[in-house]
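Me: I'd like a close look at one part of this model rather than a quick tour. Here it is.

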Amino acid sequence: MKICTFYEVEQEIISHLRARRLIPVIGSGFSVGSSSFKGKVPSGKEMKADMIYEILQLNLPNLSKETLDGKHFSQISSYYQRLVPQSVQRDYIRNRFTKVALSEVRRKFLEIDWLYIYTINVDDAIEHCSEYSHVLISNRIIDFSVLEDSKCVLKLHGDCCSMLSYHDDCSQIFDYKSYAKSIETNKSLLTKLKHDFTYNNLLFVGCSLDNEFDIATIDNYQNKDIAQNSSKYFFSVEEPDILKQIELEQYGITHIVKFDDFDS
């Protein structure tokens, strides 16, 4: 794995773009802090704190903030979905993840003529602020011929509109159980992602790649002999420590590309 600046890989990234072989995978850092319907898009840390707050409002016996703070996001999400009223959960999704307005520099990123865009976000920032308005959601069997005719965003972990539109929505992948099930239920999107891992170049922007169990499995199943000819760029505003570098290698990352700030 190579650690470098953007200028060291600029020409090869331009080459991949011209060859139509570079596909972005967008994470929460891309839209976090952006204005939404009633508030701002939360970070994973902020959303965890918000879920803990709602759980504590239930005044359940023998349950403390300290206990919940020590749990992983996926665990808190499981408790939240089980305990907090659906009306509260739906209001949170509506207020914080819909009608997202992105800054100009993020809109410019979406003006690039990508083949399509993957995202692990559930918010509507991409489809609301760009031509990539055709949403393909998780846990569905997808006819990928639609990619030939429409500007698509492929939502790996769920979609706020689907969550708010259907009481039986099955797109959401937030907790351990849904992550485990998604290896089968989300096979359509994961198979597509596996193909791109093998044959195309991927650019991870705004992604921490922390505990993304389904994505981590992709590198184990791709054709590594063929994949050696492709690159996986992880854009970061800081150089990850050695432990994070080991984690990123497990996701198949080949380049850590450092920037001075996120807008850069």
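Leaving aside its neighbours within four places in sequence, which residues is Leu110 in contact with? Start there, and then work outwards to the rest of the chain.

Reply: Sure. A caveat before anything else: this is a predicted model, where local features need pLDDT of at least 70, side-chain atom pairs count only at pLDDT 80 or more, and totals for chains, interfaces and linings use all residues. Residues are numbered from 1 along each chain as its sequence is written, and side-chain values use heavy atoms, with hydrogens and water left out.

Now to your residue. Setting aside neighbours within four places, Leu110 is in contact with Ile26, Phe30, Leu102, Ile117, Ile126, Cys129, Ser130 and Tyr132; contact means heavy atoms within 4.5 Å. Leu110 sits in helix α6, residues 104-111 (helices are DSSP runs of H or I with at least four residues, strands are E runs of at least two, and both are numbered from the N terminus). With a relative accessible area of 3%, Leu110 is buried; the cut-offs are under 20% for buried, over 50% for exposed and partly exposed in between, using a 1.4 Å probe and protein chains only. For a sense of distance, Arg21 is 89 residues away from Leu110 in sequence and 16 Å away in space, C-alpha to C-alpha.

Leu110 also belongs to something bigger. The largest nonpolar core has 40 residues, and Ile26, Phe97, Phe109 and Leu110 are the ones that touch the most other members. A nonpolar core here is a set of buried Ala, Val, Leu, Ile, Met, Phe, Trp, Tyr and Cys residues joined through side-chain atoms within 4.5 Å. Helix α2, residues 44-56, gives the most to this core, with four residues. Ile26 has its own list: not counting residues up to four places away in sequence, Ile26 touches Phe109, Leu110, Ile117, Tyr118, Thr119, Ile120, Asn121, Ile126, Val205 and Cys207. Apart from that core lies another one, of 27 residues, among them Leu147, Cys152, Leu209 and Ile253.

Just before α6 comes a loop worth a glance. Lys99 lies in the loop between α5 (86-97) and α6, and its phi is near 55°, a positive value in a residue other than glycine. Lys99 is exposed, with a relative accessible area of 51%. Asn139 has a positive phi too, about 60°, although it is not a glycine. Asn139 is placed in the loop between β6 (134-136) and β7 (152-155), and at 15% relative accessibility it counts as buried.

Elsewhere, His255 is in strand β10, residues 255-258, and counts as buried at 10% relative accessibility. Beyond four places in sequence, the contacts of His255 include Met1, Lys2, Cys4, Tyr233 and Phe234.

Stepping back, the chain has 13 helices and ten strands. Its radius of gyration is 18 Å, close to the 18 Å that the globule rule gives for 264 residues, so the chain is as compact as a globular protein of that length; the radius is taken over C-alpha atoms, and the rule is 2.2 Å times the number of residues to the power 0.38. Buried residues make up 47% of the 264. Among contacts with a separation of 6 or more, 72% are between residues 24 or more positions apart.
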